[in-house]
Amino acid sequence: MEDCIFCKIIKGDIPSTKYYEDDLMIVIADIAPKAKKHYLAIPKKHYKSFTDMTDSDAIELGKCIKKVGEIAPSLGLENGFRFVINQGDDGMQTVPHLHMHLLGGQKLDEPNYCK
Ligand code: 5GP
Ligand code: ZN
């Protein structure tokens, strides 16, 4: 998608602080962190949301989630983290390229740490 911010970040056309990359996803720092540690795990394939996924997207997303679990300690999330996917307008999704928020580095005791 030519005008997608996350596709541009994945291509390297927009700079980001990248913590992890493989053939399926990148993990970057969120530009406006909502917790002490706030990462975005972004599958490289562009699709907006769960409702736009193919079966193969679902398999790849499962692999990405498993990888998130494996690399969490190296991201300083060894004590746990909150995992959030905002979906669609009511979910307040602002970037239409499916991504996972990883929030941690502190006790997430306020409900609005979800976003
Ligand atoms: P959403 O609201 O779609 O679930 O989350 C989009 C997230 O992307 C927000 O937390 C926002 O701060 C982050 N974001 C938006 N633009 C950029 C950017 O250019 N770089 C980075 N690193 N994060 C961004
Ligand atoms: Zn995209």
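Which residue forms a salt bridge with Glu-70, and how far apart are the closest N and O atoms? The partner is Lys-66, with 2.7 Å between those atoms. Keep in mind that this is a predicted model, so read the contacts below with that in view.

**The pair in helix α2**

Glu-70 and Lys-66 both sit in helix α2, 4 residues apart, so about one helical turn separates them. As for solvent, Glu-70 comes out as partly exposed at 43% relative accessible area, while Lys-66 reaches 57% and counts as exposed. Lys-66 gets that label because the cut-off for exposed is over 50%.

**A network around Glu-21**

The structure holds 6 salt bridges, and some of them join up: Lys-18, Glu-21 and Lys-44 are linked in a network. Glu-21 pairs with Lys-18, their closest N and O atoms lying 2.9 Å apart. Glu-21 also meets Lys-44 through a side-chain salt bridge, at 2.8 Å from N to O. That second pair ties together distant parts of the chain: Glu-21 belongs to strand β1 (residues 18-21), whereas Lys-44 lies in the loop between β3 (37-43) and α2 (55-71), 23 residues away.

How open to solvent are the members of this network? Glu-21 is partly exposed, with 39% relative accessible area. Lys-18 is partly exposed too, at 40%, and Lys-44 falls in the partly exposed class with 26%. The chemistry behind such contacts is familiar: side chains of opposite charge can pair when their charged atoms come close.

Here are the three salt bridges discussed so far, side by side:

| Acidic residue | Basic residue | N to O distance |
|---|---|---|
| Glu-21 | Lys-18 | 2.9 Å |
| Glu-21 | Lys-44 | 2.8 Å |
| Glu-70 | Lys-66 | 2.7 Å |

**An unusual backbone angle at Met-92**

Now for something away from the charged pairs. Which sign does phi take at Met-92? It is positive, at about 60°, although Met-92 is not a glycine. Met-92 is found in the loop that runs between β4 (81-84) and β5 (100-104). With 53% relative accessibility, Met-92 counts as exposed, because that value clears the over 50% cut-off.

Note on methods:
Residues numbered from 1 in each chain as written. Chains lettered and ligands numbered in written order. Predicted model: local features only at pLDDT ≥ 70, side-chain atom pairs only at ≥ 80, totals over all residues. Heavy atoms only, no water. Salt bridge = Lys/Arg side-chain N within 4 Å of Asp/Glu carboxyl O. Buried < 20%, exposed > 50% of the residue type's maximum accessible area, 1.4 Å probe, protein only. Helix = DSSP H or I, 4+ residues; strand = E, 2+ residues; numbered from the N terminus.
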